[in-house]
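User: I'd like to learn how to read the cores and pockets of a protein model. Could you walk me through one?

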Amino acid sequence: MTRTIAVIGAMDVEVALIAKTLENVREHASAGVTIVDGQMPNSDVRVVATVAGMGTVNAAATAQHLIDVYAPQALIFSGIAGNLTDSLHINDVVLGKTLVYLDTDMRMISQAAPFTNEYHSDEQLLAIADEVLSKLNIKHLAGTIATGNLFIEGEAAAEVKKLTDADAVEMEGAAIAHVAARNEVPALVIRALSDNADTEYETFREFDVSEYADNAARIVIEIIQAWK
């Protein structure tokens, strides 16, 4: 029986390699996104992949749409993030064992399902990712990722670290994990580190982040192939 896994990125470059890997690909536009629907080679896994756009609302809306339409058995968010820990460096990887919001009063939000102050990637998917990353000899950790709708740069990175003790900061992960938990769908957030959250946005937007995004995408492909 074919199993379905949904993959989301925030930018085209974060999903492009995954889309190129699939066979028997079909594309269609729905709910404001273009969805690539195909088969993972030498596997019984159907992959539906799309680019959500940046920010929590885009991520959450896209995750809910894929869950409603495709009923995936798992959901993976792949992309890049700013590094907040001295133990990792550029192009190392943080797995979102715990995901928290930066700009949200969880005393209020947690009164609705899934009734929690923080969110977590699925333990089985974390274990598969850890095994894949170890096999590829990629330095990584399963840690905390902080999510907010502001691009974090310069001195703000220290404030985020102080507030959350996070290992990485980005703009979508907690929203993905939030929606997945609400729908009881196992999820994994994986982030390749593209910078040290110390670069102004106008400079960062000129960076070629394809190396880091492709790194995350290659890991996702390996995880899907190892998914049982």
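Analyst: Happy to; we will go through the cores, one buried residue and a pocket in this predicted model.

User: Let's begin with the core. Which residues have the most contacts inside the largest nonpolar core?

Analyst: Those are Ile8, Leu75, Val94 and Ile176, in a core of 34 residues. Next, see which elements supply it. Two or more residues each come from strand 1 (3-9), strand 3 (33-39), strand 5 (74-83), strand 6 (93-101), strand 8 (140-147) and strand 10 (187-195), as well as from helix 2 (56-70) and helix 6 (173-183). Helix 6 gives the largest share, six residues.

User: What is Ile8 in contact with, leaving aside its neighbours within four places in sequence?

Analyst: Its partners include Leu75 and Ile176, which are also on the list of residues with the most contacts in the core. Among the others are Val15, Thr50, Ala52, Leu66 and Phe77. Apart from this core lies another, of 32 residues, including Val47, Leu95, Ile221 and Ile223.

User: Now Thr4 in strand 1. Is Thr4 buried or exposed?

Analyst: Here a cut-off helps: buried means under 20% relative accessible area. Thr4 has 8%, so Thr4 is buried. Beyond four places in sequence, Thr4 touches Arg46, Val48, Tyr70, Pro72, Gln73, Ala74 and Trp227.

User: And the largest pocket: what is its volume, and which residues line it?

Analyst: The volume is about 150 Å³. The lining runs through Leu102, Asp103, Gly148, Asn149, Leu150, Phe151, Ile152, Ala156, Glu159, Val160 and Leu163. By class, that makes seven nonpolar, two polar and two charged residues.

Note on methods. Residues are numbered from 1 along each chain as its sequence is written. This is a predicted model: local features need pLDDT of at least 70, side-chain atom pairs count only at pLDDT 80 or more; totals for chains, interfaces and linings use all residues. Side-chain values use heavy atoms; hydrogens and water are left out. A nonpolar core is a set of buried Ala, Val, Leu, Ile, Met, Phe, Trp, Tyr and Cys residues joined through side-chain atoms within 4.5 Å. Buried means under 20% relative accessible area, exposed over 50%, partly exposed in between (1.4 Å probe, protein chains only). Helices (H or I, at least four residues) and strands (E, at least two) are DSSP runs, numbered from the N terminus. Contact means heavy atoms within 4.5 Å. On a 1 Å grid over the protein atoms alone, a cavity is a set of points where a 1.4 Å probe fits but cannot get out, and a pocket is an open set with protein on both sides within 12 Å along at least five of seven lines; lining residues have an atom within 4 Å of a point. Grid points are joined across faces, edges and corners, and a volume is the space filled by probe spheres set on the points. Ala, Val, Leu, Ile, Met, Phe, Trp, Tyr, Cys and Pro count as nonpolar, Asp, Glu, Lys and Arg as charged, and the others, Gly among them, as polar.
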